[in-house]
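Visitor: I would like a close look at a single strand and what surrounds it. Please take me through one part slowly.

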Amino acid sequence: MQALYAQLLVGLINGSFYALLSLGLAVIFGMLNIINFAHGALYMMGAFVAYFLLDLGGINYWWALLIAPIIVGIFGMILERTMLQWLTGLDHLYGLLLTFGIALIVQGVFQNYFGSSGLPYAIPDQLKGGMNLGFMFLPVYRGWVVIFSLVVCLATWFLIEKTRLGAYLRAATENPTLVRAFGINVPRMITLTYGLGVGLAALAGVLSAPINQVRPLMGADLIIVVFAVVVIGGMGSIMGSIITGFALGVIEGLTKYFYPEASNTVVFVLMVLVLLVKPTGLTGRAA
Amino acid sequence: MKTRSIASFLLTTALTFAAAGVASAQDKTVKIGALSDQSGLYADLGGPGSTLAAQMAAEDSGLTAKGWKIDIVSGDHQNKPDIGTAIARQWFDVDKVDVIVDVPNSGVALAVNNVVKEKNGVYINSGAATSDLTNAQCSPNTVHWTYDTYMLAHTTGQALVKAGGDTWFFLTADYAFGAALERDTTAVITANGGKVVGGVKHPLNTPDFSSFLLQAQASKAKIIGLANAGGDTTNSIKQAAEFGIVKGGQKLAALLLFLTDVKAIGLETAQGLNFTETFYWDMNDQTRAFSKRFAERMKNNAPPTMVQAGVYAGLRHYFKALESLGGNPHDGAKVVEKMKSMPTQDELFGKGEIQPNGRTIHNAYLFEVKKPSESKGPWDFYKLVGTVPGDQAFTPLSESKCALLKK
């Protein structure tokens, strides 16, 4: 029984990453109508930027949490301005193919320079060590990841669903012409939104750097699962992706306990089942 | 009219003799296929470095100066047996490749083993670990150069059991290699009075090991055996440190650890780990000299891993065999037979031999990862703990199940 609680907690930790990443995807899909396949590559860039900040500039983890998302977010905004904006109004497929191509290029470049086995990034001193919870040993850093990502997820949800800025944003996706008539610069808003989604991916990258190796393919390994999360949660639904992210982390953790061989596929089995029963995803609206 | 027919007769005769002459003189062309994981979790320990090692072996053989023509092609098997065999087939059928080298990932290696035998090519495997290559699935066309699961189990495994680690829990990569390593190590543990109390099989290329590590922790086993490799091993070790496993009194056994893995983990976390390799760049003047030349040509100036060193040494021996045959007969079994008949001797692995089952025998070394304070340079990672002579490290012929031995 103890072991089971431990698995639940570990699942929640992984779920934090799924939630953060799928949240960014959901924001981008909901507002820009782009299936952002480059998300994994941008998550990886977040981790690499954190590594460079520390290695070359001596800038520590805490600053990296702030700076890396901004740097990668700016990179994302450049992508949006120079490439993605031309796809407005076209079928989803074009966005998917373009971002997939971008992801392959970015990963290829990083792999060419840094190899595949990765670079070490140490846990910051303040978060080292762990505590004995009785049923398991919880590394302090992992506890921090859960709490931090929960706060970020809820803040993002609040920003988009409950504030005036979020209302503009949602209105702009429904009817850009009308919103523009009110004097709001819609293209700039779209660019900033993409930057926000990308920043969330980079933030998850920084969070994961001390736990996983900083590797060029770290995003590629994760992105398919995250897409499954988004599909199960319902494309574009913010709360749906947050809840599904955490829930799938837990389900995956339990699978690792009961039948580890299936732990890589359980998410997809769920995805198939959900799509068969409810094609729009658990909380998705019909298109 | 008459002169013309005489001329044509002479010409035809001359051509016939010329053609016969070419056929009888030995063919001096060789084509090498370096088949590896070029972009996945094993790319740094083999990959482009293995292709470079093959290139250097060809240059250092001195055969080109004697009129030989050596070509090298490389391929990416992506850790998928079907892709690996497809490349191997195309290489033999279309590109007329003579010898396939490297092939890390035991699943791919065993599949390619069958293709090479069927096409009567030469297979010098350096990257794969499974001892089945020279045991149950041995082939007259295969030489297994660098290391195998039997050797890893009988060096690292045995040393740890003898040092008091008598209860084990396995974290095993769920494919041919993990299964073979767990099987061979389990045999050593039980033979030495130890016990395996549990284990978990994880999918290849798993980013998160926390669930598995928690199970290992709960098992209370003294030793947690890592029957995995490359990125999987580095992630397990790093995350084990995070969960306080070693601090809690359990010991990690990295049954297979490469130079590039230690680099990726960092000495801070990796220090004190015991493991076995058959080659380390900083062993002696000869290995240092070679490694220097190698690193200068590598993208990140990395010295060779044991897998890459094995590709080099295996090919050097192959070239020696070809030279003593006086040319390339394009008959894999014949060349391998010649390779087995000659003792091996090179600057990287020292003296050795190739047994009738295809297993190359040379020394194995027990290493310990240095503390950060002991390391003097960017690749100064290992402390030599002990040397195991080849005849004790590898499967004794009396225990081998290889069909080639039954005559």
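Guide: What follows is a walk along one strand of chain B, its partners and the helix that comes after it, with a second helix at the end. The model is predicted. The strand is S8 of chain B, residues 223-227, and five of its five residues are buried. In a regular strand, side chains alternate between the two faces of the sheet. In S8(B), Ile223(B), Gly225(B) and Ala227(B) point one way, while Ile224(B) and Leu226(B) point the other way. Residues on both sides are buried, where buried means under 20% relative accessible area.

Next come the partners. Strand S6 of chain B, residues 167-173, pairs with S8(B) in the parallel sense over five bridges. Here Phe169(B) stands opposite Ile224(B). S8(B) also runs parallel to strand S9 of chain B, residues 251-254, and four bridges join the two. In this pairing, Ile223(B) has Lys251(B) of S9(B) opposite. Helix H8 of chain B, residues 230-242, belongs with these last two strands: S8(B), H8(B) and S9(B) make a right-handed β-α-β unit.

For another covered element, take helix H12 of chain B, residues 306-325. H12(B) has 20 residues and reaches 28 Å from its first C-alpha to its last, close to the 28 Å expected at 1.5 Å a residue. Because 16 of those 20 residues are buried, H12(B) is largely enclosed by the rest of the structure. Just after H12(B) comes Gly326(B), with a positive phi of about 80°.

How values were computed. Residues numbered from 1 in each chain as written. Chains lettered and ligands numbered in written order. Predicted model: local features only at pLDDT ≥ 70, side-chain atom pairs only at ≥ 80, totals over all residues. Heavy atoms only, no water. Expected span 1.5 Å × (residues − 1). Buried < 20%, exposed > 50% of the residue type's maximum accessible area, 1.4 Å probe, protein only. Pairing = 2+ DSSP bridges. Right-handed = clockwise from strand over helix to strand, strands pointing away.
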